Structure formats: C-alpha cells, structure tokens
Amino acid sequence: MNRLADPAATPAASLSGRAWVGEAPLFAPVDLVLERGRWTCLLGPSGVGKSTILRLIAGLDTGVRFDGKVHRDQPVALMAQDPGLIPWLDVTGNVTLGARLRGTLPISFMAKYPGGRPSGPGKGTDGRGAAPPADSAARADALIRAVGLSDRADHRPDRLSGGQRQRVALARTLFEDRPLVLLDEPFSALDARTRAQMQELSAGLLAGRSVLLVTHDPAEAARLGDRILLLREQGLSECPAPPPRRQGHARPYDALEVLAMQADLMRRMMA
Amino acid sequence: MKTLAVLVATILAAWQGIIWLSDIPPFLLPSPLAVAQALWLNRVEILRHAGFTLTEVVLGFAIGAAIGAALAVSMGFSARLSGVLRPILTFSQTIPVFALAPILTLWLGFGIAPKIAVTVLIVFFPVASAFLDGLSRTPQAALDLAHVMGAPRGRIMWHLRVPAALPQLATGLRLAAVYAPIGAVIGEWVGGARGLGALMIHANGRMKTDLVFAALLMLSLMTVIFARLVSLGLHRIWRRYGV
C-alpha cells in the first residue's frame with residue numbers, strides 16, 4: 001500500500017539521531033515518529049533530554065550537539081511549563097500575541113493596547129498559521145470563553161492564578177490554530193486538582209490535532225497518551241498501547257485501569 | 001523631608017557660625033548669607049546663564065539618550081555588532097571628558113555645539129548600557145514562543161524585547177539626567193562666555209567666590225529639578241505598560 005496516498009499515514013513529524021552536551025551523550029540514538037491526529041506522550045525523568053527533543057522538533061535553540069535529522073512539514077504551536085505570558089498585555093492581548101508579533105492584527109484591535117501599532121498584512125506565515133485579520137478578535141473571544149476566562153478577558157497576568165495563566169496559554173495555543181501542538185510539561189507547576197482539570201480541558205480543545213506531550217508524570221501519560229514512549233538514559237522504548245480513549249476526553253483519573261497503567265509506567269521508569 | 005530641612009538648616013547655621021567666629025577671608029569661603037546676597041544681586045545674570053546651560057542640558061540629554069537607545073537596539077539585534085561595539089564603548093568611557101572638552105572646542109568652536117557634544121558623550125553611555133542589559137534579559141519562554149509563532153526579528157524587538165526592557169531604560173535615563181548638567185558645565189569651562197560654567201570660571205578668576213557658590217547652587221537646583229522632571233515624565237509614559 002502506498003503510504004503517501006493516505007495523509008493519515010504520513011507522520012506529523014519525526015526525529016532520529018543522538019545528542020551530546022559537550023562530550024557527554026545526552027540521549028542514545030532515538031527514532032521518534034509523531035502520528036497525525038494523535039497524542040504522543042514522551043515520558044521520562046528529568047535530564048534525559050525530553051525537552052531537548054521537543055525543542056529540536058520546534059526548531060528552537062537547544063545548546064546541545066545534535067547529530068541526526070528532524071522532519072516536520074507543518075507549523076507548530078508551543079505550550080510550556082512557563083506560560084510565557086506578556087505582563088503588560090491583558091488576557092485578550094496575550095491570546096492574540098501571535099497575530100501581534102506577525103503583524104496581522106487589525107488596526108482597530110491593536111489600538112486598544114500599548115505598544116500596538118498598525119501595520120500591513122503579515123508575511124511570515126501562511127496556511128493554517130495566519131487567520132484572516134478581520135475575525136481574529138471574535139476568534140480570541142470565543143477561545144477565551146472556551147477556557148472559561150470570559151469575565152477576566154481584560155485582566156493582566158499578575159491578577160491571574162497559576163491555573164488561569166495556563167488557561168490563557170492554552171487559548172493562545174489554540175489561537176495559533178496549528179495542526180501540530182508541542183506541550184512541554186505544561187501542567188507540572190499546577191496543583192493536583194487544577195492539573196486534572198487542565199488535562200481534561202486540553203484533551204477536549206486539542207482534539208483532532210497531532211500532539212507531542214512531554215511529561216515526567218506517569219499519571220498524566222496514563223490519562224492523555226494515545227501512544228506512550230519512555231525516554232531513559234538507555235534510550236527510547238515504546239510502552240504497551242493504552243486502551244483507546246474517548247475522543248476529546250482524558251481518561252478518568254480514578255479508573256482502575258488508568259491507575260494500573262500509571263503503576264506500570266512508574267515501574268518501567270524505575271527499572 | 002522635615003529631617004532634611006533640619007539637617008540643611010543645621011549645616012548652614014554651623015557654616016555661618018564658623019565664618020563669624022574665625023578669620024577665614026570671604027574669597028576663600030564666603031558665608032551662606034554672602035552667597036544668598038550674591039545670588040540675589042546677580043539674579044538676572046545667573047538666570048540668563050542658567051538658561052543657556054539648561055538649553056545645552058536638554059538638547060544634549062535628548063540627543064545622547066537617542067544615540068544611546070539606538071546603539072542598544074542595534075547591539076541587541078546583532079551579537080556580532082555587540083561584540084565589536086562593547087569594547088569600543090567601554091574604551092570611550094576611559095577617556096576623561098575633561099581631556100576631550102578642549103579638543104571638542106577646537107573642532108566645534110566656542111558656540112553651543114561643543115557643550116552639547118560633551119553632554120552627549122556623558123549621557124549616551126549609561127542609557128546604552130542599561131537599555132542593552134534590559135534587551136538581553138527578555139524571558140526565554142516569551143522568546144521561544146515568538147520564534148515558534150513565526151515572528152520577524154524586528155517585531156520581536158519592537159513588541160517584546162523593547163517593552164520588556166523599559167525598566168532598565170528608565171534606570172539609564174534617570175542616571176543620565178543627573179550627569180547631563182556636568183557635561184554641559186565642563187563644556188562651558190573650556191571655552192565661551194555663556195552658561196553657568198563660564199560664569200563660575202569668570203567669577204573664580206576675579207576672586208568672587210560668593211558668586212561661584214551662587215552659580216553652583218543654581219546648577220544643583222537645576223539638576224535636581226531636571227532629573228525629577230525626567231523621572232516624572234518616564235513614570236507617566238510607562239505607567240500604561242505596568243512598569
């Protein structure tokens with residue numbers, strides 16, 4: 001069967017190779033393939049290079065020596081543990097940051113914010129990355145509603161809680177409307193309850209996109225992964241395929257099979 | 001504020017007391033009363049000279065701040081340019097302005113130009129150095145996002161790095177506002193007949209020490225007010241950024 005004929009069969013992105021920090025190897029040769037439309041969980045302890053792999057796929061500086069190749073033919077959106085909110089912009093301003101930075105916000109919309117300056121149509125991106133400027137305000141409103149922050153749309157980040165900040169980051173990620181989404185420990189700094197809520201919310205709002213979720217939390221991998229890959233000093237290994245999860249939902253945090261999978265992942269990490 | 005007033009009054013009283021009780025001649029140390037008298041008797045002339053100095057300070061500060069900010073932004077854009085310019089800028093600060101002022105007067109004449117040039121030389125460095133420091137400390141998370149979002153470098157600079165560096169730019173500008181009058185006065189010392197610096201040199205040569213002190217007092221007052229106005233202006237402009 002011709003793989004190229006079926007778009008679902010071509011990977012969203014792939015990475016193969018190895019990396020060193022100075023002379024010390026960071027990770028053994030790995031071969032990672034992100035399947036289209038699914039959540040790939042990259043699970044592992046700190047310091048084994050999970051975030052480095054994510055940054056290599058994102059095309060960001062890593063400070064490591066990488067020998068191998070990264071393949072990615074679609075634009076990405078990024079959401080990390082540090083939500084990276086801009087302190088002088090309110091929630092709406094932060095959600096629409098990408099359009100502001102590309103110069104694709106409508107003039108009337110930019111005038112509301114300090115530092116906003118009218119400019120011509122953006123050139124940097126094309127395709128799914130750039131929304132038509134006219135409806136970006138309406139789209140931002142809808143996304144802020146979807147993450148439950150409508151009543152705080154004009155608040156600056158210093159007036160938001162940690163969980164609310166990650167909600168803004170999620171809305172900003174969705175505003176980018178990219179087919180491939182990279183999540184780098186996005187919920188690690190949250191308390192257990194907020195983390196569980198954010199996992200459910202993200203599973204719903206990111207449904208249908210290809211997602212790479214980097215995490216050190218076996219419980220998170222057990223709830224969200226369609227595929228779970230374990231990265232350790234010894235290299236990358238695939239964990240047994242989790243049971244299929246309901247489209248647009250995280251697996252229940254209290255289901256026995258999810259807890260059993262969490263325990264199994266923990267055992268593999270300790271091995 | 002009250003403590004400050006009491007302190008100043010005490011110092012002035014002690015100063016006046018020492019003059020009364022000792023034989024220090026007025027051309028060595030004039031009494032505060034003599035200084036006040038000189039200030040009042042020469043008020044028209046002092047204000048006229050202060051006006052010249054203030055013009056030099058304002059122009060030199062504006063030009064120096066603009067040059068400093070432009071240097072910082074261009075160095076922020078290019079690590080290579082920064083690597084070349086940084087040592088040159090540091091080197092430029094090792095040359096005492098006192099030594100440069102006569103040369104600038106030689107080149108630019110006895111008018112306002114050399115005074116402004118000295119002021120610019122003093123002002124641009126703290127502005128450039130503080131602003132560049134701020135530009136190189138944009139949070140990495142925000143920069144990562146900007147790269148992934150496909151933002152051009154110019155817009156990252158204008159919408160992310162510059163606003164994030166405003167507190168450091170403000171620090172540099174406040175510092176420069178205090179130093180700017182020093183530059184203008186050094187310029188006036190070296191050549192020309194206008195400005196508080198020229199007035200001081202002239203009065204000093206004629207042993208009119210009370211007038212020197214009066215001019216100094218005027219200069220200090222002007223500097224404090226100028227620095228305060230710059231500070232207030234910055235505060236007003238950047239309050240909307242939540243800086």
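Here is a chat between a biologist and a modeller about this predicted model.

Biologist: Let's start inside. Which helix of chain B gives the most to the largest nonpolar core?

Modeller: That core has 125 residues, and those with the most contacts inside it are A:Leu212, B:Val127, B:Phe131 and B:Ala215. On the chain A side, at least three residues come from each of domain 1 (3-74 + 179-270) and domain 2 (91-162). The chain B element that gives the most, with 15 residues, is helix 6 (residues 113-135).

Biologist: And B:Val127, what does that touch, leaving out residues up to four places away in sequence?

Modeller: B:Val127 is one of the residues with the most contacts inside the core. Its partners are B:Gly64, B:Ala65, B:Gly68, B:Ala69, B:Gly172, B:Leu173 and B:Ala176.

Biologist: UniProt has transmembrane regions for chain B, right? How far apart are the end C-alpha atoms of residues 116-135?

Modeller: The unreviewed UniProt entry lists "transmembrane region" for residues 57-77, 89-110, 116-135, 171-191 and 211-230 of chain B. In the model, residues 171-191 are 95% helix and 0% strand, with end C-alpha atoms 32 Å apart. Residues 116-135 come out as 100% helix and 0% strand, and their end C-alpha atoms are separated by 27 Å.

Biologist: What about B:Gln93: why does it count as partly exposed?

Modeller: This residue sits in helix 4 (residues 79-94) of chain B. Its C-alpha atom is 7.7 Å from that of B:Phe125, 32 residues apart along the chain. Buried would take 20 or more other C-beta atoms within 10 Å, and exposed would take 12 or fewer. B:Gln93 has 14, so it is partly exposed.

Biologist: Over to chain A. Why do the buried residues of helix 5 line one face?

Modeller: Helix 5 (residues 136-146) of chain A has A:Ser136, A:Ala140, A:Leu143 and A:Ile144 as its buried residues. What covers them includes helix 2 (91-95), helix 3 (97-102) and helix 6 (162-176) of chain A. They line one face because, seen down the helix axis, they fall within an arc of 100°.

Biologist: Last one: which helix gives the largest share of the side of chain B that touches chain A?

Modeller: The contact takes 19 residues from chain B and 23 residues from chain A. On the chain B side they split into 12 nonpolar, four polar and three charged. Helix 7 (140-148) and helix 8 (153-164) are the elements giving two or more residues there. The largest share, seven residues, comes from helix 7 of chain B.

Technical notes. Residues numbered from 1 in each chain as written. Chains lettered and ligands numbered in written order. Predicted model: local features only at pLDDT ≥ 70, side-chain atom pairs only at ≥ 80, totals over all residues. Core = buried A, V, L, I, M, F, W, Y, C linked by C-beta atoms within 7 Å. Helix = DSSP H or I, 4+ residues; strand = E, 2+ residues; numbered from the N terminus. Domains from an automatic or database assignment. Contact = placed C-beta atoms within 7 Å. Arc of directions from axis to C-beta. Nonpolar A, V, L, I, M, F, W, Y, C, P; charged D, E, K, R; others polar. UniProt positions renumbered as here; feature names shortened; annotations may be inferred.
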